[in-house]
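Q: Please take a close look at one strand of this model and describe how it sits among its neighbours. A plain account will do.

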Amino acid sequence: MKYTLPQAVQGLEPYQPIVGRYNVRLDANESYLQLEPLQAQAFSDRLQEIEFNRYPDPYANRLCEAFATYYGVNRDLVTAFNGSDELLSLLAAAFFSDGQKLAVFDQDFSMYRIYAEMFGTACEIIPKREDLTISVEDTLQYLEKHNISALLFSNPCNPTSLGLKREDVLRLVEGTEALIILDEAYMDFWDQSVIKLAGKYENLMVLRTCSKAIGLAAARIGFAVTTPKLTKVLRAVKSPYNVNAVSQAFGEILLTDERFLQEAAEEIIENRKQLQAELEELAAAAREIVRVYPSCTNFVYLETKDSRKIYEALQQRSIAVRLMGKHLRISTGNAHENRKLIRELKAILQEGSL
Ligand code: PMP
């Protein structure tokens with residue numbers, strides 16, 4: 001055959017989600033909250049209005065307006081995507097010409113590197129400090145020294161759960177001419193967002209998602225907020241009808257339910273704090289847990305002496321968490337699910353088989 005696959009994609013493996021049924025799912029950083037009956041009713045009413053034979057609004061106007069109002073940003077600078085994953089892949093595919101380099105941090109959302117590799121975008125990996133925090137000064141130096149065109153990172157960070165304060169993010173943005181692409185997927189759980197400044201700096205783009213605190217992972221909705229110039233390009237490179245009509249309607253309903261969103265985030269944060277405190281208590285008593293990181297997200301990141309064994313033992317007890325090398329990433333569940341996790345974890349550690 002005359003056709004050959006590009007080298008960059010030949011060896012790629014399809015994404016492997018955790019399969020099987022688990023009583024407790026704490027592996028994907030989703031919200032554990034179900035829709036409220038009134039929201040379900042609103043969804044069902046909106047479904048009646050959708051003209052399924054027609055394409056959806058290509059610019060998801062009502063959805064973007066609801067987003068802009070909720071976060072207090074200019075609607076003209078907001079673009080919606082089929083999950084922030086679509087946006088990340090478009091950035092890697094279309095925003096870098098030959099010789100332009102993207103940089104990401106070691107220990108950050110894995111898809112950044114995967115998309116860069118897939119689309120042949122040169123990508124440098126910046127190390128974090130030993131405690132997995134980010135040094136602004138070192139990063140600025142790195143960007144300069146390696147002639148980096150853009151830096152992409154999550155804040156707060158998945159998987160480390162650590163956050164870089166607003167003032168530090170701004171020192172970074174102001175200290176470089178590189179484009180700073182800031183993925184604030186978990187910022188609803190922290191109060192250090194710079195989203196309101198998107199558009200004010202020519203080198204800042206902020207990404208958000210409805211998959212975490214908003215509780216709509218199934219609907220696949222992500223957003224970019226950035227300058228008019230970059231917004232124009234984002235709208236030009238996305239596929240025309242990228243966000244389907246059902247998701248547009250569902251996202252709009254949730255993003256206009258301010259009371260629900262505030263209460264949901266507060267409740268999730270409370271449960272994560274409780275989970276974190278219990279894991280810290282366990283760490284103080286069990287030497288198998290090396291370190292529990294101070295989280296500002298809806299999950300807790302910990303280092304243990306044998307994370308694979310703990311991960312497998314939890315799976316056998318029908319609890320799914322995420323294994324990441326020597327670390328475990330555990331999304332908060334509700335109080336009942338967290339209690340179950342801690343109970344089983346204690347039992348596993350006491351069995352002493354580790
Ligand atoms: N960014 C980060 C940091 C994430 O953790 C995730 C989901 N795990 C995403 C982006 C992708 O989110 P979405 O569901 O909007 O594609």
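A: Two strands count as paired if DSSP finds at least two bridges between them. The model is predicted, and the strand chosen here is β3, residues 102-105.

On one side, β3 pairs with β5 (residues 150-154) in the parallel sense, over 3 bridges. Within this pairing, Leu 102 is opposite Ala 150 of β5, and Val 104 is opposite Leu 152.

β3 also pairs with β4 (residues 123-126), again in the parallel sense, over 4 bridges. Here Val 104 has Ile 125 of β4 as its bridge partner. The connection from β3 to β4 runs through helix α5 (residues 111-118), a β-α-β crossover that is right-handed.

The side chains of β3 point to two faces, and both faces are covered. Leu 102 and Val 104 are buried on one side, while Ala 103 and Phe 105 are buried on the other. Buried here means under 20% relative accessible area.

The wider setting is an open sheet of 7 strands with mixed pairing, in the order β2-β8-β7-β6-β5-β3-β4. β3 therefore lies between β5 and β4 in that order, whereas β4 and β2 (78-81) are at the edges; each of these two has a single partner strand, so one side of each lacks a neighbour in the sheet. From one strand to the next, the twist averages 20°.

Helix α3 (residues 61-71) packs on this sheet and touches β2, β7 (204-209) and β8 (222-225). The direction of α3 makes about 125° with that of β2.

Definitions and conventions:
Residues are numbered from 1 along each chain as its sequence is written. This is a predicted model: local features need pLDDT of at least 70, side-chain atom pairs count only at pLDDT 80 or more; totals for chains, interfaces and linings use all residues. Side-chain values use heavy atoms; hydrogens and water are left out. Buried means under 20% relative accessible area, exposed over 50%, partly exposed in between (1.4 Å probe, protein chains only). A crossover is right-handed if, with the strands pointing away from the viewer, the path from the first strand over the helix to the second runs clockwise. Axes are lines fitted to C-alpha atoms, for helices over the stretch in contact, and angles run from 0 to 180 degrees between N-to-C directions. Contact means heavy atoms within 4.5 Å.
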